[in-house]
Amino acid sequence: METQRAGSASPPLAAIKEGFQQAIKEATRKMGATAPNPAVGCALLDGEGRLLAVGAHPAAGQPHAEVMALEQARQKGVLEQARTALVTLEPCNHHGRTPPCSEKLKNSPVQTVWIGARDPNPQAMGGAEYLAEGASPKIVRFLADEPELRSLVQECKALLAPFASRVTRGRPWLTVKQALDGQGSMIPPQGRKTFTSPASLRLAHQLRRACDAVVTGIGTVLADDPSFTVRHVSDHEGRAPRPLIVLDRQGRLPAAWRQAREADGFHVEQCHDLSALPALLGQMGVNWCLIEAGPALLESVREAGLWDDWLTIHHGGKGGEDHLSIILREGNSENESPVQLLRRYGE
Ligand SMILES: NC(=O)C1=CN([C@@H]2O[C@H](COP(=O)(O)OP(=O)(O)OC[C@H]3O[C@@H](n4cnc5c(N)ncnc54)[C@H](OP(=O)(O)O)[C@@H]3O)[C@@H](O)[C@H]2O)C=CC1
Ligand SMILES: Nc1c(N[C@@H]2O[C@H](COP(=O)(O)O)[C@@H](O)[C@H]2O)[nH]c(=O)[nH]c1=O
Ligand SMILES: [Zn+2]
């Protein structure tokens with residue numbers, strides 16, 4: 001679709017890369033606040049490639065990333081200088097909760113739109129074609145067509161993976177987080193609930209914040225009286241109650257635990273059937289789900305293949321630092337996990 005017009009010099013690739021990184025970072029920090037919508041970022045550059053504005057979609061029903069960035073540029077008085085828009089996701093092309101971003105970009109001074117990933121949502125796709133065709137066409141470029149920017153394609157895909165999973169498979173992206181001590185055991189020392197380093201606990205809480213739901217097992221609830229709160233990082237302000245699902249086949253969930261979690265802002269649900277869980281979460285609009293459970297449920301999850309990436313935190317390594325490994329269930333090693341994005345860009 002690339003249509004390079006005479007006289008429309010493109011900013012250097014280094015500026016495109018830097019702008020995209022800013023957009024991906026902003027969007028990564030909104031993960032966990034946007035469901036059922038995806039986390040999306042947008043950066044605007046001037047003709048020389050200078051960064052003018054960076055926006056991210058804050059929450060469903062609120063403006064999309066493109067509108068956030070255009071509005072930010074307008075408020076700074078630099079909108080007329082905008083020539084290039086870098087969007088992590090193809091601009092939407094439909095009237096959903098908000099008007100189409102493809103139209104907003106068409107009516108802006110932007111000449112070139114770079115797209116990180118195609119929209120997997122059939123209702124919203126087609127923004128690229130709309131921008132490139134018809135009246136006042138824009139130059140539309142895809143990151144994937146630029147070999148030097150391949151790593152950014154992986155980041156945009158990882159950013160989109162939770163939403164893409166729900167839209168295309170009807171179930172969320174499922175991330176398992178498992179902590180192991182030096183002996184390979186998951187069981188904390190007597191009187192403790194966790195044993196990993198402060199940095200690992202921070203990552204665990206970044207994950208809770210970025211996910212739209214948490215799943216655990218009744219064994220963990222009875223053993224630990226866990227809180228599952230986001231305490232080591234600040235949580236998204238004003239977000240709706242986060243679903244907290246407990247796999248519990250015999251109805252052993254203590255009423256007091258449920259009440260305490262609901263008082264903490266969770267929406268607690270019991271689930272009897274692990275195989276029904278993914279669709280249930282999909283129907284709840286959950287894009288990304290964190291599984292924090294003990295060895296029994298994790299064994300069931302592994303057997304059923306109900307996971308997309310698996311974060312293992314090995315505690316007690318050399319130098320006192322934890323060692324982390326992230327495995328993707330499907331896809332090749334070039335692909336990125338959303339967990340890696342959080343490690344790189346999370347706050
Ligand atoms: N290191 C770490 O990362 C973590 C460690 N832990 C530790 O793990 C320990 C608890 O482990 P564990 O007892 O294994 O607890 P789990 O959290 O794994 O819960 C186990 C329960 O999950 C339910 N379950 C398992 N498989 C299925 C299935 N296929 N369908 C429906 N329900 C299912 C069963 O409920 P039912 O009995 O009703 O059949 C089972 O008793 C604690 O000491 C805790 O501290 C916990 C979380 C993380
Ligand atoms: N042991 C262990 C984890 N375990 C998980 O954290 C839960 C406790 O959460 P909270 O009540 O919020 O402190 C616990 O019940 C289990 O689900 N997590 C980790 O990051 N590292 C650890 O070493
Ligand atoms: Zn949009």
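Helices (H or I, at least four residues) and strands (E, at least two) are DSSP runs, numbered from the N terminus. This is a predicted model: local features need pLDDT of at least 70, side-chain atom pairs count only at pLDDT 80 or more, and totals for chains, interfaces and linings use all residues. Residues are numbered from 1 along each chain as its sequence is written, while chains are lettered from A and ligands numbered from 1 in the order in which they are written.

**Exercise 1. The shell around ligand 1**

Task: Find which elements each supply at least two residues of the shell around ligand 1, and state how its residues divide by class.

Solution.
- Start with nearness: a residue is near a molecule or strand if its C-beta atom, placed from the backbone, lies within 6 Å of it.
- There are 24 residues around ligand 1; G217, G219, G294, A296 and L297 come nearest.
- At least two residues each come from β6 (173-180), β7 (213-217), α7 and α10 (295-304).
- The largest share belongs to α7, with five residues.
- For classes, Ala, Val, Leu, Ile, Met, Phe, Trp, Tyr, Cys and Pro count as nonpolar, Asp, Glu, Lys and Arg as charged, and the others, Gly among them, as polar.
- The shell then divides into twelve nonpolar, eight polar and four charged residues.

**Exercise 2. The shell around ligand 2**

Task: Repeat the analysis for ligand 2, and say which element gives the most to its shell.

Solution.
- The residues around ligand 2 number 17, and A179, T194, A204, D224 and P226 come nearest.
- Two helices, α6 (198-210) and α7 (218-224), each supply at least two residues.
- α6 gives the most, three residues.
- By class, seven are nonpolar, seven polar and three charged.

**Exercise 3. The five-stranded sheet**

Task: Give the strand order of the sheet that holds β1, then trace its pairings.

Solution.
- Two strands pair if DSSP finds at least two bridges between them.
- The sheet is open, with mixed pairing and the order β2-β1-β3-β4-β5.
- Its edge strands, β2 and β5 (139-142), each pair on one side only.
- Neighbouring strands are turned by 15° against each other on average, direction ignored.
- β1 runs antiparallel to β2 (residues 51-56), joined by five bridges. There A43 has V54 as its bridge partner.
- These two strands form a hairpin with five residues between them, and G49 in the turn has a positive phi of about 95°.
- β1 also pairs with β3 (residues 84-87), antiparallel over four bridges. L44 stands opposite A85.
- β4 (residues 112-115) and β5 pair in the parallel sense over four bridges. W114 has R141 as its partner.

**Exercise 4. Burial of β1 and its helices**

Task: Is β1 enclosed or left open by the rest of the structure? Which helices lie across it?

Solution.
- A residue is buried if 20 or more other C-beta atoms lie within 10 Å of its own, exposed if 12 or fewer, and partly exposed in between; C-beta atoms are placed from the backbone.
- Five of the five residues of β1 (residues 41-45) are buried, so the strand is largely enclosed.
- In a regular strand, side chains alternate between the two faces of the sheet.
- On one side G41, A43 and L45 are buried, and on the other C42 and L44.
- Contact requires C-beta atoms, placed from the backbone, within 7 Å.
- Axes are lines fitted to C-alpha atoms, for helices over the stretch in contact, and angles run from 0 to 180 degrees between N-to-C directions.
- α1 lies across β1, β2, β3 and β4, at about 145° to β1.
- α2 (residues 65-76) lies across β1, β2 and β3, at about 140° to β2.

**Exercise 5. The length of α1**

Task: Check the span of helix α1 (residues 13-28).

Solution.
- The expected span of a helix is 1.5 Å times one less than its number of residues.
- For the 16 residues of α1 this gives 22 Å, and the end C-alpha atoms are 22 Å apart, which agrees.
- Buried residues of α1 include I16, F20, A23 and A27.

**Exercise 6. The seven-stranded sheet and W310**

Task: Identify the edge strands of this sheet, then place W310.

Solution.
- The order is β9-β8-β7-β10-β6-β11-β12, in an open sheet with mixed pairing.
- β9 (266-271) and β12 (323-328) stand at the edges with a single partner strand each, so one side of each lacks a neighbour in the sheet.
- The twist averages 20° from one strand to the next.
- β11 (residues 309-314) pairs antiparallel with β12 over six bridges, and D309 stands opposite L328.
- W310 lies in β11. W310 is buried, with 21 other C-beta atoms within 10 Å.
- Leaving aside neighbours within four places in sequence, W310 is in contact with V176, Q178 and I327.

Notes. Two residues are in contact if their C-beta atoms, placed from the backbone, lie within 7 Å.
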